Amino acid sequence: MIYIILGVIACIIGAITGVQVQKRRHHAEITHAKATAEELVNKANVEAKEKSNKILADGKHQTLDYKESIEEELDSYQADNVTRQNRIDQRQNGLTQTSERLDDLHKKLAEKQADLNELKDGIEQLNHQAEELAGQRATTLQQRGSLSVEQAKQQVLDRLKISLDRERDVELKYQADEAQVSAPKMAKIMAVDAIQRAPLDIPREHIEHAIQISDVNTKQKLVGRESQNIRYIETLTGVDLVFDPDDPCLLHVVTQDPLRREVAKTTISNLLVTKQINTQSIEHQVDIAQQDLGNELRRTGEKVVGSLHIGWMHPDLLKIVGRLKYRTSYGQNVLNHSVEVADISGLMAAELGLDVKIAKRAGLLHDIGKAIDREVDGTHVELGVKIADAYNEDPQVVNSIASHHGDVDVTTPIAHLVAAGDSISGGRPGARSESVEEYVNRLKNLERIASEKKGVRESYAIQAGREIRIIVDPKQLDDKQNQRLAEQVKDQIEDELTYPGKIKVTSIRDFKAVAYVGAEKKKKAKKASRGA
């Protein structure tokens, strides 16, 4: 027990001794830290004092420099002020001298104004005297001439008007005579110039109506079992497909519609390339051919309208213009013909000072009816007028379409140019391929059909076979029979002849009663006198 107590006391004494040792060590460290802090503070005070002295010295030096620069600027400003004051003094002297000169001028102007006032008063007095003399002269003239001033003025004006009217009539007659003499010559010159400046003649494109098949196996595949494939193509395209008897691999596409022919040719060509010929492929190729043809029509119309520079045109009308590419008239491509007429009409319009754009537009659209005349009843002129009205074309364009074959009266100069351009393009050598024999035979057949009828005195085929005029004997036929005759001739022409467009049948019955008064009595009197 005693040992335990001694051990505890020893531990307590050891702990107290350790605490005291630790305390002494901390006290020594604190003393050392205070000493180090005092050294740092003293060192910092010394450095701060040195830097403060240096800053004060630098500031004093900068202050002296700034003071010197300010003094130099003040000296320069003072010199500038002296210079400006000198200039101000000089300007002041100049203003003083100018003021003195202006005062002198004012005095001189005042003197001249006084002189002018005196002259003005004198002029007014002279004008007053002149007016009095003029009044006295007019009074004297009225008394001696027995005419008032108004009557004299009216006589002078009447004589002057008569003289001017006479000179105007003479000048107008001279110009009219000169125009009549020179108009044919100038028209020929303008037409020749337009022809020479128009596009060069393009060789006519040969329109193929047949397709060459490579071999017999391909032909059998195209025809199909029991001609099923080829008959299905005919059904979808609306054409007749006939093999040439002399060449078994030559397939003819028979139709009067050039668009259907183009669709059929494209369809068969694509089938021969793909070599997949069945019902589905035929329908697919027909659809592709129709879409390609529609796109081609639109592109053709856009290209033509863009090359002519005639402005905006309705997209549907562009397709109708494109259809002319597949239409021919007597072997001449209608689209090329229309472009040529547009160029010629535009050139002549430019020479005459008319609207070139309207002239070209009318020339391009003058045969637009031929694009649909195979599908719609009516002449190409009537159909062209309807198309132009439907797309709100200019009235000058409509009149040019309606009058270019003489069906209606011309109401605008541009219509004359379009008709002339149409004649030039269609009448130039090589433009159309119809032979003279065929043309003459067609006219003779028209006249023959009319002349064979009873009561017909004479018959004439006019307007290139577009009209037949029949002169009947009024003693043999009455009005009803005359009307029946025209219907008979029309029906026979439809049955026997092949004709382009529409033929007008005109039957004329003209009855004249002629009698003479006095002639028979004079003859009888002469015979009686001779007998006596």
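Start by selecting E458: it stands opposite I471, which belongs to strand β7. What you have on screen is a predicted model, so treat this as a walk through a prediction.

**Stop 1: the strands around I471**

Now colour residues 456-462, strand β6, and residues 467-472, strand β7. Six bridges join these two strands, and they run antiparallel. Keep I471 selected and look for its partner in β8: that is I508. Strand β8 covers residues 504-508, and its pairing with β7 is parallel, over five bridges. A bit of background helps here: strands in a sheet pair through backbone hydrogen bonds, and the pairing can be parallel or antiparallel.

While you're in β8, click on S507, which lies in this strand. Is S507 buried or exposed? It counts as buried, with 18% relative accessibility. Show what surrounds S507 and, setting aside neighbours within four places in sequence, you'll find contacts with I470, V472, N482, L485 and A486.

**Stop 2: a three-stranded sheet**

Next, select residues 210-212, 240-243 and 250-254. The first two ranges are β1 and β2, and the third is β3. Together they make an open sheet with the order β1-β3-β2 and antiparallel pairing. β1 and β2 stand at the edges with a single partner strand each, so one side of each has no neighbour in the sheet. Turn the view and you can follow the twist, which averages 25° from one strand to the next.

Zoom in on β2 and β3: four bridges join them. To see one pair, pick L241, whose bridge partner in β3 is V253.

Then add residues 258-274, helix α5. This helix packs on the sheet and touches β1, β2 and β3. Its direction makes about 150° with that of β3.

**Stop 3: two crossing helices**

Move along the chain to α6 (residues 279-308) and α7 (residues 315-323). Their axes come within 7 Å and cross at roughly 95°. α6 and α7 are therefore roughly perpendicular to each other. Show side chains where they meet: α6 brings L297, R298, T300, G301, E302 and V305, while α7 brings L318, K319, V321, G322 and R323. The residues of this contact divide into four nonpolar, three polar and four charged.

Stay with α6 and select E283, which is found in this helix. E283 is partly exposed, with a relative accessible area of 34%. Which residues does E283 touch, not counting those up to four places away in sequence? They are Y232 and L236. E283 and Y232 are 51 residues apart along the chain, and their C-alpha atoms are separated by 9.0 Å.

**Stop 4: two loop residues with an unusual phi**

Some background first: most residues other than glycine have a negative phi. Now select H309, in the loop between α6 and α7. H309 is not a glycine, but it has a positive phi of about 60°. H309 is exposed, with a relative accessible area of 61%.

For another case, jump to N392, in the loop between α10 and α11. N392 isn't a glycine either, and its phi is positive at about 55°. With 70% relative accessibility, N392 counts as exposed.

**Stop 5: into the cores**

In soluble globular proteins, nonpolar side chains tend to be buried together. Which residues have the most contacts inside the largest nonpolar core? Select M313, L364, L365 and I368 to see them; the core has 38 residues. Several helices supply at least two residues each, among them α6, α7, α9 (356-365) and α12 (413-427). Colour α8 as well, since α8 gives the most to this core, with eight residues.

Centre the view on M313. Leaving out residues up to four places away in sequence, M313 touches V305, L318, V321, R361, L364 and L365. Apart from this core lies another, of 18 residues, including V239, A264, I268 and V286.

**Last stop: zoom out**

Show the whole chain as a cartoon. How many helices and strands does the protein have? There are 15 helices and eight strands. Of the 532 residues, 28% count as buried. Finally, take the contacts with a separation of 6 or more: 57% of them are between residues 24 or more positions apart.

Key. Residues numbered from 1 in each chain as written. Predicted model: local features only at pLDDT ≥ 70, side-chain atom pairs only at ≥ 80, totals over all residues. Heavy atoms only, no water. Pairing = 2+ DSSP bridges. Axes fitted to C-alpha atoms, helices over the stretch in contact; angles between N-to-C directions. Contact = heavy atoms within 4.5 Å. Parallel < 35°, antiparallel > 145°, perpendicular 65-115°, else oblique. Nonpolar A, V, L, I, M, F, W, Y, C, P; charged D, E, K, R; others polar. Core = buried A, V, L, I, M, F, W, Y, C linked by side-chain atoms within 4.5 Å. Buried < 20%, exposed > 50% of the residue type's maximum accessible area, 1.4 Å probe, protein only.
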